[in-house]
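Visitor: I am new to this structure and would like to look closely at a single part of it. Could you choose one place, describe what surrounds it, and then lead me outward from there?

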Amino acid sequence: MNQIKIQIPSLIENIRVVESFIDNSKEKFHIEDDIYGNIMIAVTESVNNAIRHGNKFDKDKNVYLSLFVEPDVLRFEVEDEGNGFDSESLTDPTAPENLENPGGRGIFLMKHLCDEVKFTNDGRNVQLTFYINNA
């Protein structure tokens, strides 16, 4: 299994670092175009949530991004240093009363773009899994 890790301070402008990390991973591990877009959106959204909601824009707190590459699986792991949250108690962004809300769709998007989304460490860690076919 291959593994790459980076650590970034909780500043929104560091999303560019995450985009570069994904682009470099695409080249290094020959990630197919058909899942590249899903990966880019899901991972940057997850890091954005870690910066914004987890670490509350505290530049002294870091976000940790790891990529684990196995023969048929890519797994991105994002972890923050915040207080965590209950991933089971999120409101449904597709409910009529929530359609006008400006936020609240990030995790919904992640769950639709990834093959698996798993929260651990009281919500401070999210694992985004993509199945790949290298046939």
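**One helix and what lies around it**

Guide: The cover over the buried residues of helix H3 includes helix H2 (33–54), strand S4 (116–120) and strand S5 (125–131), where covering rests on contact, meaning heavy atoms within 4.5 Å. Helices (H or I, at least four residues) and strands (E, at least two) are DSSP runs, numbered from the N terminus. This is a predicted model, in which local features need pLDDT of at least 70 and side-chain atom pairs count only at pLDDT 80 or more, while totals for chains, interfaces and linings use all residues. Residues are numbered from 1 along each chain as its sequence is written, and side-chain values use heavy atoms, with hydrogens and water left out.

H3 itself spans residues 106–113, and its buried residues are Gly-106, Ile-107, Met-110 and Leu-113; buried means under 20% relative accessible area, exposed over 50%, and partly exposed in between, with a 1.4 Å probe and protein chains only. These four lie on the same side of H3, because they cover an arc of only 130° around the axis, the arc being that of the directions from the helix axis to the C-beta atoms. As for confidence (pLDDT, the predictor's confidence in each residue, from 0 to 100), H3 has the lowest mean among the elements of the protein, 92, and S3 the highest, 98. The protein averages a pLDDT of 92, and 98% of the residues score at least 70.

From H3 we can move to the largest nonpolar core, a set of buried Ala, Val, Leu, Ile, Met, Phe, Trp, Tyr and Cys residues joined through side-chain atoms within 4.5 Å. This core has 30 residues, and among those with the most contacts inside it are Ile-39, Leu-74, Phe-76 and Phe-130. H3 is one of the elements that give two or more residues to it, together with helix H1 (15–29), H2, S2, S3 and S5, and the largest share, eight residues, comes from H2. Leaving aside neighbours within four places in sequence, Ile-39 is in contact with Ile-22, Ile-31, Thr-44, Leu-74, Phe-76 and Phe-130.

The last two of these residues bring us to the aromatic rings. Rings of Phe, Tyr and Trp (its six-membered ring) pair if their centres lie within 6.5 Å, and planes under 30 degrees apart count as stacked, over 60 as edge-to-face and the rest as tilted. By this rule the count comes to two aromatic pairs. Phe-76 and Phe-130 form an edge-to-face pair, 6.1 Å centre to centre with 85° between the planes, and the pair links distant parts of the chain, since Phe-76 is in strand S3 (residues 73–79) and Phe-130 in strand S5, 54 residues apart. Phe-76 counts as buried at 0% relative accessibility, and Phe-130 is buried too, with a relative accessible area of 2%.

Phe-85 and Phe-119 also pair edge-to-face, 5.4 Å centre to centre with 85° between the planes. Here Phe-85 is in the loop between S3 and H3, while Phe-119 is in strand S4, 34 residues apart; Phe-85 is partly exposed, with a relative accessible area of 34%.

S4 and S5 have a loop between them, and that is the place of Asn-121. Phi of Asn-121 is near 55°, a positive value in a residue other than glycine, and Asn-121 is partly exposed, with a relative accessible area of 37%.
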